[in-house]
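This briefing covers strand pairing, overall fold and surface character, in that order. Please consult the sequence and the coordinates alongside the text.

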Amino acid sequence: LYTSQAQADKIELQFEDGSLEFEGDIEYLQQAFSNLIKNALEACTSGDSVTLSAASTRQQLQFIIQDTGSGIAPDDVQRIFDLYYSSKDMGTGVGLALTHKIIADHQGTIEVTSVLGKGTKFEIDIPVKP
């Protein structure tokens, strides 16, 4: 979905290959991951990269979306999942709040770490249904 945008902006979009199978609402999860990838690309400029990776154990799935973009200010990191909070000029503050809800609805967690000028990493853990 975002490959052509990344190419046009000269941003490297990497997918670390892995095969995962699990039960979940695919459309709902696609929306969550789409929000994270879109934000990552928007935080990047030419020469930066966005990496998506996934791993699984018998108990959980872990997804990591990491970029080498502008990063998020420490004060903003605490608020990014708040509904209607946005640091973007044209942002609505809905995307990350919805992403958080989608992950929570799958009994998962989402953590963010970020360093200004170095990038941001989102780690998502979703338990595997027995």
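In this predicted model, strand E3 (residues 60-67) and strand E5 (residues 119-127) run antiparallel and are joined by eight bridges. Strand E5 is also paired with strand E4 (residues 109-115), again in an antiparallel arrangement, through seven bridges.

**Strand pairing**
- Between E3 and E5, Phe-63 has Ile-124 as its bridge partner.
- Between E4 and E5, Glu-111 stands opposite Glu-123.
- A hairpin is formed by E4 and E5, with three residues separating the two strands.
- Within the turn of this hairpin, Gly-117 adopts a positive phi of about 80°.

**Overall fold**
- The protein chain contains four helices and five strands.
- Read from the N terminus, these elements follow the order α-β-α-β-β-α-α-β-β.
- The radius of gyration of the protein chain is 14 Å, close to the 14 Å given by the globule rule for 130 residues, so the chain is as compact as a globular protein of that length.
- Along the principal axes, the C-alpha atoms occupy a box of roughly 40 × 30 × 25 Å.
- Of the contacts between residues at least 6 apart in sequence, 64% connect residues at least 24 apart.

**Burial, surface and charge**
- Buried residues account for 38% of the 130 residues in the protein chain.
- The accessible surface of the protein chain is about 8,100 Å², and carbon and sulfur atoms contribute 49% of this area.
- The protein chain carries 9 positive and 19 negative charges, and the mean positions of the two sets lie 2 Å apart.

Conventions
Residues are numbered from 1 along each chain as its sequence is written. This is a predicted model: local features need pLDDT of at least 70, side-chain atom pairs count only at pLDDT 80 or more; totals for chains, interfaces and linings use all residues. Side-chain values use heavy atoms; hydrogens and water are left out. The radius of gyration is taken over C-alpha atoms; the globule rule is 2.2 Å times the number of residues to the power 0.38. Buried means under 20% relative accessible area, exposed over 50%, partly exposed in between (1.4 Å probe, protein chains only). Contact means heavy atoms within 4.5 Å. Accessible areas come from the Shrake-Rupley method with a 1.4 Å probe; for residues, only the protein chains shown count as cover. Lys and Arg count as positive and Asp and Glu as negative; His and the chain ends are not counted. The place of a charge is taken as NZ of Lys, CZ of Arg, CG of Asp or CD of Glu. Two strands pair if DSSP finds at least two bridges between them.
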